[in-house]
Amino acid sequence: MSKAAKPFRPVAITANDLRSGIVVFRTETGDWVKDATRAEIALDPAKAETLLAAAKLDHDRNIVVEPVAVAFDPESRLPVLLRERIRAQGPTVAIPGSV
Amino acid sequence: MYRYDEFDQSFVLERVAEFRDQVARRLSGELTEDQFKPLRLMNGVYLQLHAYMLRIAIPYGVLSSRQMRKLAHIAREYDKGYGHFTTRQNLQFNWVELARIPDLLAELAEVEMHALQTSGNCIRNVTADHFAGAAADEIVDPRPYAEILRQWSAIHPEFTYLPRKFKIAVTGAPHDRAAVQVHDIGLHAVRGPGGKTGFAVYVGGGQGRTPLIAHKVRDYLPEEDLLAYCEAILRVYNLEGRRDNKYKARIKILVHEKGKAEIAAAIEAEFAQLKGKTLNLPEADVQAISAYFAPPSLEQLAATSAALETAKAANKALERFVRHNVTAHRNAGYGVVTVSLKPIGEPPGDATAAQMEVVADVAERFSHSEIRVSHEQNLVLPHVKLDEIPALFAELAKHNLATPNAGLVTDIIACPGLDYCALANARSIPVAQRLSERFADIARQEEIGDLKIKISGCINACGHHHVGHIGLLGVDQKGKELYQITLGGSADEHTSIGEIIGPGFPTDKVVDAVEAVIDVYLGLRKGPEENFLDAYRRVGAEPFKAALYADA
């Protein structure tokens, strides 16, 4: 018996900027920005596929590297998983010398 | 100190120019990411959780003041003002821009540094005892041998595409401070017939997802056979090591699957072909390289320093610092000083640019401009006059660099974990910080005594949890961080792999759990002279399990 497909969860597209390496998110206008809360969120699988395909084009155009779709919470406008939240918001520990 | 010769310098400069061209071609789109990735990895550039990370080689952990100042400059100009000293005696910058890395590498080359052999499936940067050339118990300085191995292994054409990475560690004292038995090759210097230097050779150790203690394949390998024997080991591994599965590609798996006897026989057969030929290591060459590592001219001094004793009597903090952070030097009147990068509540191994400059300055004033990086993520000033320790201590204390905790419970090793690392499943640094704060009271730390806590944020074990007296392994359990506790590990001459004590603990319970383990130890030890590891080896896991899982 095949496993039931997992229910779809909203996603946003994230990658790293090729030149600087910093974490970026794809907006509705197709820009890549540091602010995760500005990311375009796909609420259905078809939209997710479209957004990821567009991101991959930006990978091929040498704008970003390693674009992926990550589970995103439409309310907080932040990633769902801890790992991705840390990517979006930075280390959970203070940067040495910053305080 | 070792100085680059003309060949080294031109080679490093050529590599910088080559990488500059590769980066330019990547940025212009001429190289795809798939084409570029192996090239950047050969130059120490990773793409980590937040940004590009550059891992800089500090061969056998040796730095000069000049080099440390350059690292401080790079931290400030190319990064966010700090760097992370690693369990491989390297330094990582976490926030470098790809476009600027060629300039950064050119600056490093100005001080004879680079990022070669810090990544990829090659023979990695060779590590050594961080007290090398200074420790009272040393029989031979391991650094010349580590340097000879560096020269032999750097871009060795036969060993540039190994099945997996390959790590060699060398130690020159009976007490192993370089963890040689958990390396692919561990070399432990010994005296042989006629007092000649040689090595006990260990093969097939390692941590990661399959922790294994290396097998001793030679009790005594003569010095002149060092390279031929290492080449024989690498050849056997390169030919027979698995390439079908990344997780089974290390030499430890080969040794484990074939058995020590079969591997030892294969190494000896290969060695028989190589012995006494081009790889023979003439004593004159060893002496020539050893001359680069000649100790600085140290004075003839009394074994004890009246000035230091007087200062200690008047200053309890200084007395504690000396007791915990100063180790016996082979020259009377000198000490080996550990500069703790584990201030209470701070990320283990991190140093700001300002702190790097302070260490560079005090090394220049007090330690002949010599600095060492330890795999325990501290810095070391190897040659300090006992008379000058009070002045050194006062200077370090101004910059939060005089925490008197070397070897104590807050001298915690921790990998970068999920705060920085793309491979991690759980955070390491915040757990280390909370443990450090829980045990901040120095009197309590002294009561507990020698205790090594080591934390890894994933099974790759960069935080060496397998060999921690208390090890913590962070795992991801359905989106929650969970920490498995191992007890009884050790990475010295009596190496052991810690045993998993039972189910893991969530992040809000793990510090209490470690405290419970330590309380059990304090309750059952024969006295303060029986340290945690000895007590654990005497009583086993049961009393600890009983305390941790009383409600289960």
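What share of the contacts in chain B with a separation of 6 or more comes from residues 24 or more positions apart? The figure is 67%, where a contact means two C-beta atoms, placed from the backbone, within 7 Å. This is a predicted model, so local features are taken only at pLDDT of at least 70 and side-chain atom pairs only at pLDDT 80 or more, while totals for chains, interfaces and linings use all residues. Residues are numbered from 1 along each chain as its sequence is written, with chains lettered from A and ligands numbered from 1 in the order in which they are written.

Chain B holds 18 helices and 21 strands; these are DSSP runs numbered from the N terminus, helices being H or I over at least four residues and strands E over at least two. Its C-alpha atoms fit in a box of roughly 60 × 60 × 55 Å along the principal axes. The radius of gyration of chain B is 23 Å, which agrees with the value near 24 Å for a compact globule of 552 residues; it is taken over C-alpha atoms, and the globule rule is 2.2 Å times the number of residues to the power 0.38. Of those 552 residues, 55% count as buried, meaning that 20 or more other C-beta atoms lie within 10 Å of the residue's own, against 12 or fewer for exposed and anything in between for partly exposed.

Strand β9 (residues 197–203) of chain B is a good place to look inside. Seven of its seven residues are buried, so β9(B) is largely enclosed by the rest of the structure. In a regular strand the side chains alternate between the two faces of the sheet. Here B:Thr197, B:Phe199, B:Val201 and B:Val203 point one way, B:Gly198, B:Ala200 and B:Tyr202 the other. Pairing calls for at least two DSSP bridges between two strands. On that basis β9(B) pairs in the antiparallel sense with β8 (residues 185–191) over seven bridges, and with β10 (residues 215–222), again antiparallel, over five bridges. B:Phe199 stands opposite B:Ala189 of β8(B) and has B:Leu221 as its bridge partner in β10(B). Five residues separate β8(B) from β9(B) in a hairpin, and B:Gly194 in that turn has a positive phi of about 70°.

Positive phi also turns up outside glycine. B:Ser369 has a phi near 65° and sits in the loop between α12 (353–366) and β14 (370–373); with 20 C-beta neighbours inside 10 Å, B:Ser369 counts as buried. For B:Gln377, phi is near 70°. B:Gln377 belongs to the loop between β14 and β15 (379–385) and is buried too, with 26 other C-beta atoms within 10 Å.

Helices α7 (residues 251–258) and α8 (residues 260–274) of chain B pack at an angle of about 115°, their axes 6 Å apart. That makes the two roughly perpendicular. B:Leu254, B:Val255 and B:Lys258 of α7(B) meet B:Lys260, B:Glu262 and B:Ile263 of α8(B).

As for the two chains, their contact takes 22 residues from chain A and 26 residues from chain B. On the chain A side, β5 (64–73) and α2 (82–89) each supply at least two residues, and α2(A) gives the largest share, four residues.

Note on methods: Axes are lines fitted to C-alpha atoms, for helices over the stretch in contact, and angles run from 0 to 180 degrees between N-to-C directions. Angles under 35 degrees count as roughly parallel, over 145 as roughly antiparallel, 65 to 115 as roughly perpendicular and the rest as oblique.
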